[in-house]
Amino acid sequence: MLRMKRFEDEPAFKYSYYAVLKRGERVDVRCPTCGGHAYIEYRNRELRWKCSECYAQAVKEEEYEYKAKGYCSVCERWFNVEVTNEKMKSHSLVHITCPHCGAGNQAKLHKQAVGRGYYLDIRRGRDPIFDLELYFLDYIRGKQIWAVNREHLNYLIAYVSADLRVKYGGSMIKTASHSIPAYIKEAKNREAVTRILSKMQMQSNAR
Ligand SMILES: [Zn+2]
Ligand SMILES: [Zn+2]
């Protein structure tokens with residue numbers, strides 16, 4: 001008799017790029033310098049990647065944008081103008097030309113962190129910020145199979161090899177498996193996919 005493997009799904013977007021990084025976990029990537037293992041992490045408001053095997057690394061600092069906002073004193077219309085002049089950025093009040101009527105205005109300058117595009121996620125097996133290739137990446141019939149890190153890899157293995165799938169929370173809410181491509185879920189590919197994922201897992205254990 002076959003032993004049934006029970007699989008419990010996890011919350012949706014758990015393994016999305018930003019969800020992983022914001023939890024303080026790492027995204028495993030391939031070092032563009034030596035081809036070895038590297039990782040991306042988010043710390044102290046900085047996103048960085050670092051190689052575990054050579055000394056290559058890079059940082060992407062938080063970006064800010066500066067907006068002068070207010071109601072025009074002449075035409076009384078609302079304006080929201082981006083300030084790009086470096087000298088002006090250090091002031092709390094700036095002189096702005098109203099975009100509607102051209103009148104000179106004194107306006108308050110607002111500094112705000114640029115939303116780093118939380119809609120960005122892994123594309124074609126690469127991270128969306130540094131464009132680095134994922135470390136856990138392979139192909140099945142020309143299509144990519146990848147995991148953002150070891151935990152995600154374990155999750156995929158459990159998902160694909162499970163016979164019985166239990167939805168997270170027992171309900172029909174969106175779960176992490178929602179974002180797994182169909183060709184990975186297909187029963188006919190199950191064995192091949194499990195083999196590829198397990199191979200990745202073994203290689204990373206040997207590291
Ligand atoms: Zn390296
Ligand atoms: Zn105006």
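Glu-133 is partly exposed, with 30% of its relative area accessible. In this predicted model, the side chain of Glu-133 forms a salt bridge with that of Arg-30, at 3.9 Å from N to O. Because Glu-133 sits in the loop between β9 (104–113) and β10 while Arg-30 belongs to strand β2 (residues 27–30), this pair ties together parts that are 103 residues apart in sequence. Arg-30 is likewise partly exposed, its relative accessible area being 30%.

**Salt bridges**

Side chains of opposite charge can pair when their charged atoms come close. The structure as a whole holds 12 salt bridges. Three of them, including the pair described above, are set out below.

| Salt bridge | N to O distance |
|---|---|
| Lys-14 and Glu-10 | 2.5 Å |
| Arg-48 and Glu-46 | 3.1 Å |
| Glu-133 and Arg-30 | 3.9 Å |

Lys-14 and Glu-10 are both buried. Arg-48, by contrast, is partly exposed at 24% relative accessibility, and its partner Glu-46 is also partly exposed, with a relative accessible area of 22%. A network is present as well: Glu-10, Lys-14 and Glu-151 are joined by salt bridges that share partners.

**The surroundings of Asp-138**

Strand β10, which spans residues 136–140, contains Asp-138. Is this acidic residue, Asp-138, buried or exposed? Its relative accessible area is 18%, and because buried means under 20%, Asp-138 counts as buried. The side chain of Asp-138 makes a polar contact of 3.4 Å with the side chain of Lys-199. Leaving aside residues up to four places away in sequence, Asp-138 touches Lys-143, Gln-144 and Ile-145, and also Ile-196, Lys-199 and Met-200. Lys-199 therefore appears both as a partner in the polar contact and among the residues that Asp-138 touches, where contact means heavy atoms within 4.5 Å.

**Cysteines**

A disulfide is a covalent bond between the sulfur atoms of two cysteines. How many disulfides does the model contain? The count comes to zero, the cut-off being a pair of cysteine sulfur atoms within 2.5 Å. Two cysteines may be described by their accessibility. Cys-75 is partly exposed, with a relative accessible area of 24%, whereas Cys-98 is buried at 3% relative accessibility.

Definitions and conventions: Residues are numbered from 1 along each chain as its sequence is written. Chains are lettered from A and ligands numbered from 1 in the order in which they are written. This is a predicted model: local features need pLDDT of at least 70, side-chain atom pairs count only at pLDDT 80 or more; totals for chains, interfaces and linings use all residues. Side-chain values use heavy atoms; hydrogens and water are left out. Helices (H or I, at least four residues) and strands (E, at least two) are DSSP runs, numbered from the N terminus. Buried means under 20% relative accessible area, exposed over 50%, partly exposed in between (1.4 Å probe, protein chains only). A polar contact is a pair of N or O atoms within 3.5 Å; within protein, one must be able to donate a hydrogen and the other to accept it, and residues adjacent in sequence count only if both atoms are side-chain atoms. A salt bridge is a side-chain nitrogen of Lys or Arg within 4 Å of a carboxyl oxygen of Asp or Glu.
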